[in-house]
Amino acid sequence: MAAPNRGQIGWIAVLALMLTLPLWASGSISTVILVLIYMSASLAWGFLAEYGGIVSLGQQVFIGLGMYGMIIFGTKMGIPMIYSIALSAAMNVALALVLSTVIFKLRGAYLAIGTWILAEAFELMFTYWGYVGAATGATYEVAYLVPLTDVYYALLILTAGVAALIYYLYKTKFGLGIRAVGSNEDVAKERGVNVALLKTIIFVFSALVSSLIGSLYILYYAYVSPSIAFSITWIVTLIFVNIIGGRGRIIGAVIGSIIYVAIVYLTTGLSEYSLLIEGLIIIAAWFLVRRGIWSLIADRRSIKAPL
């Protein structure tokens, strides 16, 4: 049996640190939870955009419905938390399947704008829907009974699972087909790739992950409103993480998420300028490190995608 190499030892060490984090750094749990939220969300969105060529600017629809699903199923219907998370996920998967039959008739900028308009429509609808608190929002009371460490471990499992699945799929025939679609959809179709099926699968996958993120986010934050759930800040954050860290890269998502959370803390008190600051950093990064920080490092060390 071969001895583990340095890379494997490094991953084992990281996993051990993350699993034991609540024991030796409990004060940083909240910060790490935010990093995991943005990392898992950016991984799912980055796989969709970078490899599948589906640049959705409405991913916050699924994140927001993951939050509001906890209010609808949990608070209003009295369904237990775990089942509420599952029902929210099922609702988002069903919505993604329906939307895929419509939005995939669009491409490029038209698809991006179409999904953004969809997110705005959902925000407007929930702003006037009194059943879930309208513009005032609603509180998920059960969240106060859930230990923060439970939310942390749930997000850790989700993030690790998403990263592992993306790493595995990238190297399979399925992953090759996805990259072919993202590179040139028409050529992929001519070569026998089932473009519609592959695009639907990764779109539904990203919706599922986004829903789980939304449900876990409300367990962390306990409160939701339309301006939080369907905010354009979500998509700006995902773009930020992917551009700064490295588009379609797993380790790039880690780096980008850490940098983003650090900026959030450093600009506390300047929330009204946060989008402007993030936008300026994205523009600067686009010219200075267009492929992201980790992509530059990975190229020098011959580390292949999707790591």
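This passage describes the pockets and cavities of a predicted model, together with the surroundings of one serine.

The largest pocket encloses about 830 Å³ of space. Its lining is made up of 24 residues, and those closest to the pocket centre are Trp11, Val14, Met18, Met39 and Val254. Two or more lining residues come from each of the helices α1 (6-24), α2 (29-51), α6 (148-170) and α12 (250-266). Among these, α6 gives the most, with seven residues. The chemistry of this lining is easy to describe: 22 residues are nonpolar, two are polar and no residue is charged.

The second largest pocket has a volume of about 550 Å³. Here 22 residues form the lining, with Tyr38, Tyr217, Thr233, Tyr260 and Val264 lying nearest the centre. At least two lining residues are supplied by each of α2, α9 (195-221), α10 (226-229), α11 (233-245), α12 and α13 (274-288). The class count for the second largest pocket reads 12 nonpolar, nine polar and one charged. Helices α2 and α12 thus appear in the element lists of the largest pocket and of the second largest pocket.

Turning to enclosed space, the model holds two cavities of 30 Å³ or more. The largest cavity has a volume of about 80 Å³, and its lining consists of Ser42, Leu43, Gly46, Phe47, Tyr51, Ile166, Asn242, Gly246, Gly248, Arg249, Gly252 and Ala253. The elements that contribute two or more of these residues are α2 and α12, with α2 providing the largest share, five residues. By class, the lining of the largest cavity divides into five nonpolar, six polar and one charged.

The second largest cavity, with a volume of about 50 Å³, is lined by Ser56, Gly58, Val61, Phe62, Leu99, Ile103, Thr115, Leu118 and Phe203. Two or more residues of this lining come from each of α3 (60-76), α4 (81-103) and α5 (108-127). Six of the lining residues are nonpolar, three are polar and no residue is charged.

Phe62, part of the lining of the second largest cavity, is also among the contacts of Ser211. Ser211 sits in helix α9 and counts as buried because its relative accessible area is 0%, where under 20% is the cut-off. Its side chain reaches the backbone nitrogen of Ala89 at 3.4 Å. Leaving aside neighbours within four places in sequence, Ser211 is in contact with Phe62, Gly66, Ser88, Ala89 and Asn92.

Notes: Residues are numbered from 1 along each chain as its sequence is written. This is a predicted model: local features need pLDDT of at least 70, side-chain atom pairs count only at pLDDT 80 or more; totals for chains, interfaces and linings use all residues. Side-chain values use heavy atoms; hydrogens and water are left out. On a 1 Å grid over the protein atoms alone, a cavity is a set of points where a 1.4 Å probe fits but cannot get out, and a pocket is an open set with protein on both sides within 12 Å along at least five of seven lines; lining residues have an atom within 4 Å of a point. Grid points are joined across faces, edges and corners, and a volume is the space filled by probe spheres set on the points. Helices (H or I, at least four residues) and strands (E, at least two) are DSSP runs, numbered from the N terminus. Ala, Val, Leu, Ile, Met, Phe, Trp, Tyr, Cys and Pro count as nonpolar, Asp, Glu, Lys and Arg as charged, and the others, Gly among them, as polar. Buried means under 20% relative accessible area, exposed over 50%, partly exposed in between (1.4 Å probe, protein chains only). A polar contact is a pair of N or O atoms within 3.5 Å; within protein, one must be able to donate a hydrogen and the other to accept it, and residues adjacent in sequence count only if both atoms are side-chain atoms. Contact means heavy atoms within 4.5 Å.
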